[in-house]
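Subject: Structure for you to look at

Hello,

Here is the structure I said I would pass on. Please open it next to this email and follow along.

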Amino acid sequence: MNKPKKQNEVYKGVLTGSNLKQRKQEIIKEIEDETGFKLTKHLGESAWWGSSEIGAFHSEGEIDGIKATLKIQGVKPKTSEIDMINGFDKQNKSLIIRPPKLIKTIPWSDERNYEALVMEWIPDKRVINIPTNKKEISLFFELYDEYKSKCVGEPWLDKPEGKIGEIIKNNFANWRKIAYKMYPDHPFRESGDEKLIDKAVEILVHGYQGIEPEFQHGHLSDGDFYHVSGEQIVLLSNLYWSWRQPFYDAIFGQHWFLYHLADSELNEKEVLEQMSLWWEKIDDLPKSPEEERLLKLAYLERAAAGLNLDGLSTKTDIELSGKIMEITRKRMADLIENLS
């Protein structure tokens, strides 16, 4: 009997803690000795909502004379990213979108307390830049259509137990703990936010009754499609393939793009113009009144996640960050009214 493949909930690492940052140099030395990878540059760390604790880090280097990227995953996944990439690659029917090519891997072991992926080097040529434009957004949704039709045909993960509403309710309970652990006193948090979030969760639990989750990439963000050779596009963040509510993958990109705009030089009016480029494309996706309802539910879930925690990770000393939280709050209130 095949061992069940479960989807990952990596965010829970922030509740249990991670010492990956302290072990970084030791791990790189170990990888260099075992694989022949030679580091040339540190690229970045994957932290939870701006915390000091990291779950993964990336480095640039060479292996066997070829430029390569090293990813170290420091929180134990339920399903290895190595298996996720191989699962994606095995059933992928697209000639355009593909996962990164693996060169050498070291699977997770509790003794090492990490897994390592030496992958092809991906040039920093994102499909979506900040700020973006109509052409980039159009390409993103052309790729989205390609991904939906050719990249998710045969799920390689077991469908989780529990209803969508139950899972969402549990997620928000955990995210609230994280929000107050990380940001006990946040200047963007308002007194009515908890009540607003609770109302959103209530609507979501009711609204998803009888709705089945869909297999999809659970992190299809504005920074996960990259141009490589020819017309090929590499899709990153493969650790997050999972079963989620309809349209989650369609709106995840716009969700994080909004908070990434906090670091831009734009004003509030320009932020809304940028977001409208996304919303115009997304709002054309539903093909029936029921799908329109499901899209609004998906929007509400992400807006509530933004108000609860995601938006709190923006820099508090930037005026635009506060404006973006106000956009989130208003959009959420409008969705609640519409779905009530």
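Below is what was found in it, from the whole chain down to single parts.

The model is predicted.

Overall build

The chain contains 10 helices and 10 strands. Its radius of gyration is 20 Å, close to the 20 Å that the globule rule gives for 340 residues, so the chain is as compact as a globular protein of that length. Along the principal axes, the C-alpha atoms fill a box of roughly 60 × 45 × 45 Å. Of the 340 residues, 53% count as buried.

Cavities

There are 2 cavities of 30 Å³ or more in the structure. The largest cavity holds about 110 Å³ of space. Its lining is made up of Q254, H255, L258, Y259, M275, W279, Y299, R302, A303, I327, T328 and R331. Four elements give two or more residues each to this lining: helix 7 (248–260), helix 8 (268–282), helix 9 (289–308) and helix 10 (319–339). Helix 7 provides the largest share, with 4 residues. By class, the lining of the largest cavity has 7 nonpolar, 3 polar and 2 charged residues.

The second largest cavity holds about 60 Å³. The residues around it are R176, A179, Y180, R189, D193, E194, I197, L307 and N308. Helix 5 (164–182), helix 6 (193–207) and helix 9 each supply at least two of them. This lining divides into 4 nonpolar, 1 polar and 4 charged residues.

Helix 5

Helix 5 is worth viewing by itself. What length should its 19 residues span at 1.5 Å a residue? The expected span is 27 Å, and the end C-alpha atoms of helix 5 are 26 Å apart, which agrees. The buried residues of helix 5 are I164, G165, I168, N171, F172, N174, W175, I178, A179 and M182. One of these, A179, also belongs to the lining of the second largest cavity.

A hairpin

Strand 5 (residues 102–109) and strand 6 (residues 114–120) pair in the antiparallel sense, over 5 bridges. To find the pairing on screen, start from I106, whose bridge partner in strand 6 is A116. The hairpin has 4 residues between the two strands, and N113 takes a positive phi near 65° there. While you have the strands in view, a general point applies: in a regular strand the side chains alternate between the two faces of the sheet.

Regards

Methods. Residues are numbered from 1 along each chain as its sequence is written. This is a predicted model: local features need pLDDT of at least 70, side-chain atom pairs count only at pLDDT 80 or more; totals for chains, interfaces and linings use all residues. Side-chain values use heavy atoms; hydrogens and water are left out. On a 1 Å grid over the protein atoms alone, a cavity is a set of points where a 1.4 Å probe fits but cannot get out, and a pocket is an open set with protein on both sides within 12 Å along at least five of seven lines; lining residues have an atom within 4 Å of a point. Grid points are joined across faces, edges and corners, and a volume is the space filled by probe spheres set on the points. Ala, Val, Leu, Ile, Met, Phe, Trp, Tyr, Cys and Pro count as nonpolar, Asp, Glu, Lys and Arg as charged, and the others, Gly among them, as polar. Two strands pair if DSSP finds at least two bridges between them. The expected span of a helix is 1.5 Å times one less than its number of residues. Buried means under 20% relative accessible area, exposed over 50%, partly exposed in between (1.4 Å probe, protein chains only). The radius of gyration is taken over C-alpha atoms; the globule rule is 2.2 Å times the number of residues to the power 0.38.
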